[in-house]
Amino acid sequence: MSRLMLVPVLALLLITQPAAVAQAAERVVIEHGHVDLGPRFVDGRWTVQLRDDTGGAPQWRDLSDVVLHVPDAARTTVPDDQAYAFLGDRGSAVWVLPQVEQNGVVWPGWNTQDPEVAKAVDREVTWRLHGVRGPGRFALFLTGNFGAPQQIFTSTTPTPQETGVEVGTHVHGNWVFGAPGTYLLDIEMSTRTKDRRELTDRQALRIHVGNTDPRAAFDVPAGQPEQPKAQPAGFPWQWAGLGGLVLVVTVVVVVLRRRRGER
């Protein structure tokens with residue numbers, strides 16, 4: 001069983017982008033290796049995509065075509081430290097994609113290093129979490145130089161939540177999930193360009209936790225609000241109750257009128 005990695009690391013890891021990055025279209029499950037979430041201009045449109053560095057050459061993928069798989073090898077327990085109470089009860093099971101690269105699990109980060117983004121954006125990109133759908137808690141945090149956790153997103157506090165990502169940076173954090181199953185992170189990345197345009201894109205990032213089939217996560221619809229539950233069919237008791245009340249009132253009126261007549 002792996003342990004939650006609390007090793008101090010640099011939060012910003014600057015890397016050089018390849019001169020050309022292919023655009024992939026097939027659906028994939030990514031189980032190990034390096035990936036980054038980030039904005040790009042695709043056919044001139046501001047778009048959030050996932051950069052996949054797990055193959056022979058880097059590829060940018062649409063979020064709808066990707067599931068990140070967190071196997072049971074990533075299972076550990078919440079540290080016996082009050083600073084980590086936001087992850088759950090001490091000693092309870094959690095599944096962690098750590099800030100430091102670990103063999104056998106996917107290593108997700110986020111970056112704003114796309115050359116067109118760096119050229120067009122005025123200073124920073126705003127990354128928002130609008131909500132989490134899944135069977136357990138979700139948290140994303142950084143481990144600082146002194147070991148203290150710096151929370152970025154948590155599913156146990158109200159949304160939307162947001163953080164700023166300066167242009168030209170590359171960051172990794174600890175992605176923590178509280179139960180096995182499929183999670184959909186409702187995320188948005190927005191910015192203001194140097195020519196004062198407001199740009200935004202909002203999508204769902206799919207993560208599947210545990211050793212069950214991760215491809216099932218593709219079948220979970222994104223952005224579909226819950227429909228109100230239909231009332232069960234059967235005898236309309238609400239109308240029966242109203243009818244009974246009307247009958248009682250009618251009887252009372254008739255009795256009063258008869259008494260007045262007798263007087």
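This note walks through the main features of the structure above, point by point.

1. First, a word on what you are looking at: this is a predicted model, in which local features need pLDDT of at least 70, side-chain atom pairs count only at pLDDT 80 or more, and totals for chains, interfaces and linings use all residues. Residues are numbered from 1 along each chain as its sequence is written, and side-chain values use heavy atoms, with hydrogens and water left out.

2. Let us begin with confidence. The pLDDT (the predictor's confidence in each residue, from 0 to 100) averages 83 over the protein chain, and 75% of the residues score at least 70. Please read two stretches with care. Over residues 224-242 the pLDDT stays under 50, and the model has two contacts there beyond four places in sequence; a contact means heavy atoms within 4.5 Å. Residues 245-249 also have a pLDDT below 50, with zero contacts beyond near neighbours in sequence.

3. Now the overall make-up. The protein chain holds two helices and 17 strands, where helices (H or I, at least four residues) and strands (E, at least two) are DSSP runs, numbered from the N terminus. Of its 263 residues, 41% are buried; buried means under 20% relative accessible area, exposed over 50%, and partly exposed in between, using a 1.4 Å probe and protein chains only. Among contacts with a separation of 6 or more in the protein chain, 72% are between residues 24 or more positions apart. The accessible surface comes to about 14600 Å², and carbon and sulfur atoms account for 54% of that area. Accessible areas come from the Shrake-Rupley method with a 1.4 Å probe; for residues, only the protein chains shown count as cover.

4. A good place to look next is the open sheet of six strands, whose order is β2-β6-β17-β16-β10-β13, with mixed pairing. Its edge strands, β2 (28-30) and β13 (161-166), each pair on one side only; two strands pair if DSSP finds at least two bridges between them. At the β2 edge, three bridges join β2 to β6 (residues 66-70), and these two strands run parallel. Here Ile30 stands opposite Leu68 in β6.

5. Strand β9 deserves a visit too. Six of the six residues of β9 (residues 106-111) are buried, so the strand is largely enclosed by the rest of the structure. Val106, Pro108 and Trp110 point one way from β9, while Trp107, Gly109 and Asn111 point the other way. β9 pairs with β3 in the parallel sense over five bridges, and Val35 stands opposite Pro108. β9 is also joined by three bridges to β14 (residues 170-172), this time antiparallel; there, Asn111 has His170 as its bridge partner.

6. Finally, some backbone details to check. Most residues other than glycine have a negative phi, and most peptide bonds are trans. The bond from Thr159 to Pro160 is cis, with omega near 5°, and Pro160 lies in the loop between β12 (149-154) and β13. Asp43 has a positive phi of about 55° although it is not a glycine; Asp43 sits in the loop between β3 (33-42) and β4 (45-52) and counts as exposed, at 83% relative accessibility. Arg123 has a positive phi as well, near 80°. Arg123 belongs to strand β10 (residues 121-133) and is exposed, with a relative accessible area of 55%.
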